[in-house]
Amino acid sequence: MILTSRIAETLTAVVATALLSFAAAPAHSRGPAPDPLTKEFQRVVDEAYAKYKDLKDGKNADYIPILTETPSDLFGVVIVTKDGKVYAAGDVDYVFSIQSVSKPFTAALVMTEQSPAVLKEKIGVEPTGMAFNSKLALSIYENSVNPLVNAGAIAAVSLVQATTEEERWNKVALNISAFAGRPLPVLEKVYESEYSTAFGNRGIANLLYNWGRLYSDPEEALRVYTRQCSIGVSARDLGVMGATLANGGVNPLTQKQVMPAKHVPELLAVMATAGFYDESGDWMYTAALPAKTGVGGGIVAVVPGRFAIAAFSPRLNEAGNSVRSLNAIRDIAGELGVGVFGANPD
Ligand code: DON
């Protein structure tokens, strides 16, 4: 059953109510010590913004017309620390579709409701080395995939514990909103555009179901996955979501434990190996941070235990990764020397 606008309204209200209870949660009386790099944060954000704001390389995603309508010159860069401090430059409050940046957060929900072992057994955690929507990759989906490519992300949605589509969507939306610390909207035009042209993803969902690697009705999983990709976020929201991972699964704004701290490292491992699709090797070689990109132009990277760096800019490279966002985040990681392998990329 397609979600009607009445159900969507009800769900929005449910999300808002649940988030109000997060907002009412008591704040810690004493927060964590400030990050030793605190004094550098605004400078590196400003410098990365200034360096790349006039870069015109790449182009907006155009597999659905609506994404070509996002003004291409928008650009925002933000650091959000594990204690919720925000250092921003540019268009960090512009709301765009989250797209694939949603994928690790639904994987986190599967880990939370079930376990990392279930995620590994029922989806897989191997990088594919292929594009996010590769049809050539279908042959390997039968045996191995990960929750950050479309096949694994649709499977992750199907693993969310729910008996109705409404319940499945409600859990997915509440979870992503809890990571962001505010009720996130669905960009209905993006959803309509994606769902009416979701032939490739429908094929993937049906094949996975045929192979016993999809765990709900395929069309239901497809709709909820597509709606998840159509959630609206800002770069600031992505920063808070990443900061929640940096903060052991506790949202620094609401103090809500959104996922168990003990599962964060496993999620970051998947982001490190597959967050940039077929550019993941290059990304880890040069920026060395677990991260996730989306064709809406957003990227979030996590400095484990410390802070997140997020950026938004609609123009993408051939692999579907935002050109200005990835350059800005990579520069900041290098400038601060926070690569997870101890590297200080040039
Ligand atoms: O399902 C899709 O193909 C899109 N809704 C999302 C793809 C995406 O964001 C890939 N990321 N770089």
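Let's begin with two helices of this predicted model: helix H9, residues 188-196, and helix H11, residues 218-229, whose axes come within 9 Å and cross at roughly 140°. H9 and H11 are therefore oblique to each other, since an angle counts as roughly antiparallel when it is over 145 degrees. The crossing in which H9 passes H11 is right-handed. On the H9 side, the contact is made by Glu188, Tyr191, Glu194 and Tyr195; H11 brings Glu219, Leu222, Arg223, Thr226 and Arg227. What kinds of residues meet in the contact of H9 with H11? Five are charged, three are nonpolar and one is polar.

Now turn to helix H7, which appears in two of the packings described here. Its partner in one of them is helix H4: residues 103-113 form H4, residues 150-159 form H7, and the two pack at an angle of about 40° with their axes 9 Å apart. That angle makes H4 oblique to H7. The crossing of H4 and H7 is left-handed. From H4, the residues making the contact are Lys103, Thr106, Val110 and Glu113, while H7 supplies Asn150, Ala153, Ala156, Val157 and Leu159. This contact of H4 with H7 divides into five nonpolar, two polar and two charged residues.

The other partner of H7 is helix H10, residues 199-210. Here the axes of H7 and H10 come within 10 Å and cross at roughly 65°, and the crossing is right-handed. Look for Asn150, Ala151, Ile154 and Ala155 on H7, which make the contact with Asn201, Ile204, Ala205 and Leu208 on H10. How many of the residues in the contact of H7 with H10 are charged? There are no charged residues in it; six are nonpolar and two are polar.

Two residues from that last contact, Asn150 of H7 and Asn201 of H10, lead us on to the ligand. An oxygen atom of the ligand is 2.9 Å from an N or O atom in the side chain of Asn150. Asn201 also has a polar side-chain atom 2.9 Å from an oxygen atom of the ligand. With Gln99, the ligand atom is a nitrogen, 2.7 Å from an N or O atom of the Gln99 side chain.

To see the wider surroundings, which of the 14 residues around the ligand come nearest? They are Gln99, Ser100, Asn201, Tyr225 and Val295. So our path ends where Asn201 can be found twice: in the contact of H7 with H10, and among the residues that come nearest to the ligand.

Note on methods:
Residues are numbered from 1 along each chain as its sequence is written. This is a predicted model: local features need pLDDT of at least 70, side-chain atom pairs count only at pLDDT 80 or more; totals for chains, interfaces and linings use all residues. Side-chain values use heavy atoms; hydrogens and water are left out. Axes are lines fitted to C-alpha atoms, for helices over the stretch in contact, and angles run from 0 to 180 degrees between N-to-C directions. Helices (H or I, at least four residues) and strands (E, at least two) are DSSP runs, numbered from the N terminus. Angles under 35 degrees count as roughly parallel, over 145 as roughly antiparallel, 65 to 115 as roughly perpendicular and the rest as oblique. A crossing is left-handed if the near helix is turned anticlockwise from the far one by less than a right angle, and right-handed if clockwise. Contact means heavy atoms within 4.5 Å. Ala, Val, Leu, Ile, Met, Phe, Trp, Tyr, Cys and Pro count as nonpolar, Asp, Glu, Lys and Arg as charged, and the others, Gly among them, as polar. A residue is near a molecule or strand if one of its heavy atoms lies within 4 Å of it. A polar contact is a pair of N or O atoms within 3.5 Å; within protein, one must be able to donate a hydrogen and the other to accept it, and residues adjacent in sequence count only if both atoms are side-chain atoms.
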